[in-house]
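Here are a few exercises to work through with the model open on your screen. Have a go at each task before you read its solution.

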Amino acid sequence: MSAVNTDARIPAGSEQGLNLINTGGTGSNNQVWRVKINGKSTFVQTRLNADGSTAYIANERTGNPDIVGTVVRPYVLAVVDSEGNTTFGGSGKTSNTGLLGIRSAGNIEVTTPETAAAILATGTINGSASTQEQQLSLGYQKAVNLSTQRISNNFLSPGFNQDAFIPKQAITGGAQPLQVIPFNAEEESEVVPDEVEPGNNDPASSNGAESIGQFAGTVGDKALELGKVVLDKLGEANNFLKISPEELAEFEKMFEAGGGDPIKNAKYPFDANYGDIRGQDYVTVDQFIYQPPRKNQIFGTGDINPLENISKGQQRISSLKKFVAQVKLPMPNNITDSNNISWGDDAMNNLSATLTSAVMSNPLAGIGGGLVSAFGGGPAGMLIPLAAAALGSQNPGITGPNGEQDRSRDALIQALAKMLKSSGGEAAMKTQVGASILGMLGVNVTPESLLSRGFGVIPNSNNELLFNAVTLRDFQFSWRMSPRDEQEALEVKRIIRFFKQGMAAKTMASQAGERSLYLGAPNIFRLQYRTTGGRIIEGVNRIKPCAVVGTAVNYTPDGQWSAYDEGQPVSCTIAIQMKELEPVYATDYTMDILDDRRSKDVTDIPARDGDLYQIRPTEVGY
C-alpha cells in the first residue's frame, strides 16, 4: 500500500515533511504538465513520499477563493507504489475553506480508473498534446528531481529520511508498460588492439585546415557539454546551500520541546473583578513565542523581492509567533514612560563645505583627485586646489574694460585667487595644504592649530544639531502580592514562574541537563493597561511587545522572614524590567496598519496576533 498523500491539501506537520510536491518542474526538466477537468485547464502535481511512492494529482477548485465556501477536489490520476507498480485512479479528501479562512479536510472523493484515463487523454506538456506514456515519464523525472532535492537539503533536517530508491514505474491497466532495455555488457563491441584506424568518411577533410576546423568544432562541443555539467553542479550546490521555508519551519520545531513544562494563565488577586462593569482597572501581560521579524529578508523566503530592500527598505513582520499564556495584575503604583530620540552635534568648517560643494557639483573632479592620491600622486591636501578650481569654474570670470566677461581658464583662476585673498580663504587653504605636508613628515598638526597659533583665529565650524538614530524604550514595574489562602498562593507562584520561565533561553532538548547545539530565543511579552470591559485605557501610554530582560523577586519585603504553613511566604514583591523590541515611529500613531501586523486588541488572545495597535485620535498613544 502506498504511503504518498493523495488529499487535495497535505496537512501541516510530519505529513508535509514526508511528502514533496512539484508542479512546474525543476532544472533542465522545467516542463509544465496540464490536464482539463470539466473544461478547465489545471496543473498536475507530482507528489513524492519519503518511501519512494509517487502520486499524480490534479486539483479542481469550485467557489470564490476570496470568500468562504471554496472547495478543492483532488482527482487522483495515477499512483506508483514503492515497488514501481502503477495504478490509475484512487481516493483523497477534499479541502474546504471555512470561516476566517480556516481550511479543513472534507469528504473523501474517489477517482475511477475510467475517469483518470479520460483526464489523462486531455493532457498536454508545455502546451502540446501528449500520450499517457509521455506524461507519466515526465512525472517520473519530476519525482527523481524531488528526491535529489530532499537528499541535498536534509543537512538541516536530520529527522527526514532520504527517499528510498525511486523505482522505474511500470504502467498497468490504463496503458502499456514502459520498455526499459537493461545494460548488457556481453553485447558490447570488442576493441581489437591491432585493428587499423578507420579512414575519415568526410572526403572534404584533410590533415590541414579542415582537420583543424573539425578539431575546433569538437573542442567547442566538448566545452559546451562541460559547461552544462558545471551549470548542473552549480545548481545542485545552490539547492544544497540555500535554506527553504520548509527547513526553517523544521528547524524552529526543534525548540518547541525545549521551553519546559506548559506555562499557565494566572490572576492576582484570585477573586479580582477585572473586566466587569464595576471592576477595577488592571494590567494584562501576554506572553508569545518569538519569531525573528526580519527572517524573510535574511533567507529570501516569502514573496519578498530582495531589490526592494534598497528601494523601499526592509519589511518587518510581526514578532509574535504564537500565544502562550496571560496574567492579570492590579495597576502598578509607578506608571511612567519616556520617549527619546537621538540627536547629535555635527560640524563642517567652511573649507570642508567648499570642497563638498565642489565634488557634489562636479563629481569627476573629486574622482580624479582621489585617483591621483590613490596612485601616489601626493597627499590629499595637495589636491585641494584642484577641487577648488573645479568650484571656481562656476565664477563669472573677469570683467574687461568694455564690460565683456572673460571666462577663459586663466581668467577663472585669477577670479578665484582674488576671491580667496579678499575673504581670507587663501589662508584656510594654505594651512590645510601645510598640515597635509606636515602629516607626510610625521608631524601631526591640524589646520585649526595652525590658524589659531599663527593668526589667532579658528575656522567657523558651523555647528548643527542633527538627527542621529531612534532609541528603544525600557520599562520597570513592580507588584507586591500577599496571598490570603492556598489557592491564591498557587496563583502567585504561577505569576512568578510566568515571568521567570518565559524570559529564559530555550534548548533543543525536552529533558533538563541534556546537551543542546543551539539556544532558542526566549518568549516575548506585551503589557497593556485595561479598564472595565477589557477596554484599553486611553489616558496612559501603549507599549509595544517587549523582552523581559530582568525579573527580581523579594520574598522578604518587610526585612524579615514570615511564612504560612509549609514555608509559603506571607508576602513577596516581584519587579520586572522590560525593553521594547521595536522603536516608536510617528506612523505608529494611526488607525491604518498592515493587516498582518494589526493586533486584535482583545483580552481573549487568538492563537496568533499582530504586534501593532490601532491608535485612536483620543489616545495618548505610545
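**Exercise 1.** In which strand does methionine 481 lie? Work out its surroundings too.

*Solution.* Keep in mind that this is a predicted model.
- Start with the address: methionine 481 lies in strand 19.
- Next, pick the face. Phe475, Phe477, Trp479 and Met481 make up the covered face of strand 19, while Asp474, Gln476, Ser478 and Arg480 sit on the uncovered one. That every-other-residue pattern fits a general rule: in a regular strand, side chains alternate between the two faces of the sheet.
- Now check the accessibility. Methionine 481 has a relative accessible area of 0%, and the cut-off for buried is under 20%, so methionine 481 is buried.
- Finally, list the neighbours. Methionine 481 touches, among others, Tyr268, Leu329 and Cys572. Cysteine 572 is 91 residues away in sequence, yet the C-alpha atoms are 5.5 Å apart.

**Exercise 2.** Find how strand 19 pairs with strand 24.

*Solution.*
- The two strands run antiparallel, with eight bridges between them.
- For a landmark, look at serine 478, which stands opposite alanine 575 in strand 24.

**Exercise 3.** Which residue forms a salt bridge with arginine 316?

*Solution.*
- The partner is aspartate 611, with the closest N and O atoms 3.2 Å apart.
- Arginine 316 lies in the loop between helix 7 and strand 14, and aspartate 611 in the segment after strand 24, so the pair ties together parts 295 residues apart in sequence.
- Are the partners buried or exposed? Arginine 316 is buried at 8%, and aspartate 611 is buried at 2%.

Conventions. Residues numbered from 1 in each chain as written. Predicted model: local features only at pLDDT ≥ 70, side-chain atom pairs only at ≥ 80, totals over all residues. Heavy atoms only, no water. Buried < 20%, exposed > 50% of the residue type's maximum accessible area, 1.4 Å probe, protein only. Helix = DSSP H or I, 4+ residues; strand = E, 2+ residues; numbered from the N terminus. Pairing = 2+ DSSP bridges. Contact = heavy atoms within 4.5 Å. Salt bridge = Lys/Arg side-chain N within 4 Å of Asp/Glu carboxyl O. Lists of a residue's contacts leave out its neighbours within four places in sequence.
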